[in-house]
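Reader: Please take me through one residue and its surroundings. I would like to know where it sits, what it touches and how the strands around it are arranged.

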Amino acid sequence: MIRSAFANIYRTPAFAAGTRLVNRAGSNKVAYSAFIARRSYTDKAEDKAADKKPEEAKENTKEGSSATTVSAEEFEKLKKSVAEKDAKIKELKDAYLRSLAEAENIRTRSKTEIENNKLFAIQKFAKDLLDTVDILELAIKHVPQEPLADKVANKPLVDLHEGVEMTKSNLLKTLERHGVESFDPVDKPYDPNTSHALYQAPIPGKTPGTVFVVEKRGYIIKGRVLRPAQVGVVLDPSGN
């Protein structure tokens, strides 16, 4: 009977409403307790961090002051080391500039040598041909002029003379195309740089020290003497 009465009380709407109010109050109390706990933990953590910052600042200040503080002896060592390194840098820079200058000089010399080789590549060959030109000139020089006047009676001699003249002229033109030119210093002051005096003789009416005869013409190639002229020079009768 009693158990049935309590069962009936539990089933009443008033009891159910009261139970819900109690449960809701209990849940709110638990949530409030959790909020208070979290707030308390956060405040403690912030206080701890705030207390730690001044200590870290002090430690950093100590470390900075200890890192920048050096003794006078260490400072002198550092100063000496910097001076030695500066001297070494200056020495290496000077050596580097000297190397650049030497490389530039080598490049310039090499370029000049290459250009000279191009300009004077035929120098030896041209010098050997000059003997042929001398022989042709000597042959022409020794042909008598009187027989050449009669072109009908002495036609073979005239033709031979003309052929030698044409050969010599064509050979000189070929040399000129390659930069080889002849020069004749007759009646000009004797120049030992371009001429070679074979003999001296007093010549009336000629200025002493001038060239009065050219035995072999001189030749130049690109402004350089290929072969000096072989000449006779007028001698001063007084011996000066």
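Author: **Arg227 and its sheet**

Arg227 lies in strand β5, which covers residues 224–227. The model is a predicted one. Is Arg227 buried or exposed? Its relative accessible area is 11%. The cut-off for buried is under 20%, so Arg227 counts as buried.

Next, the side chain. It reaches the backbone oxygen of Arg217, at 2.6 Å. Arg217 is also among the contacts of Arg227 once neighbours within four places in sequence are left aside. Lys216, Gly218 and Tyr219 are on that list too. So are Leu130, Asp131, Asp134 and Phe183.

Now the strands. Tyr219 stands opposite Arg227. Strand β4 spans residues 218–221 and pairs with β5 in the antiparallel sense. Three bridges join the two.

The wider sheet is open and has three strands. Their order is β1-β4-β5, and the pairing is antiparallel. Strands β1 (180–183) and β5 stand at the edges. Each has a single partner strand, so one side of each is left without a neighbour in the sheet. On average, neighbouring strands here are turned by 40 degrees against each other, direction ignored.

A helix completes the picture. Helix α4, residues 123–141, packs on the sheet. It touches β1, β4 and β5. The direction of α4 makes about 50 degrees with that of β5.

Back to the residue itself: Arg227 is in contact with residues that include Leu130, Phe183 and Tyr219.

Definitions and conventions: Residues numbered from 1 in each chain as written. Predicted model: local features only at pLDDT ≥ 70, side-chain atom pairs only at ≥ 80, totals over all residues. Heavy atoms only, no water. Helix = DSSP H or I, 4+ residues; strand = E, 2+ residues; numbered from the N terminus. Buried < 20%, exposed > 50% of the residue type's maximum accessible area, 1.4 Å probe, protein only. Polar contact = N/O pair within 3.5 Å; in protein donor to acceptor, adjacent residues only side chain to side chain. Contact = heavy atoms within 4.5 Å. Pairing = 2+ DSSP bridges. Axes fitted to C-alpha atoms, helices over the stretch in contact; angles between N-to-C directions.
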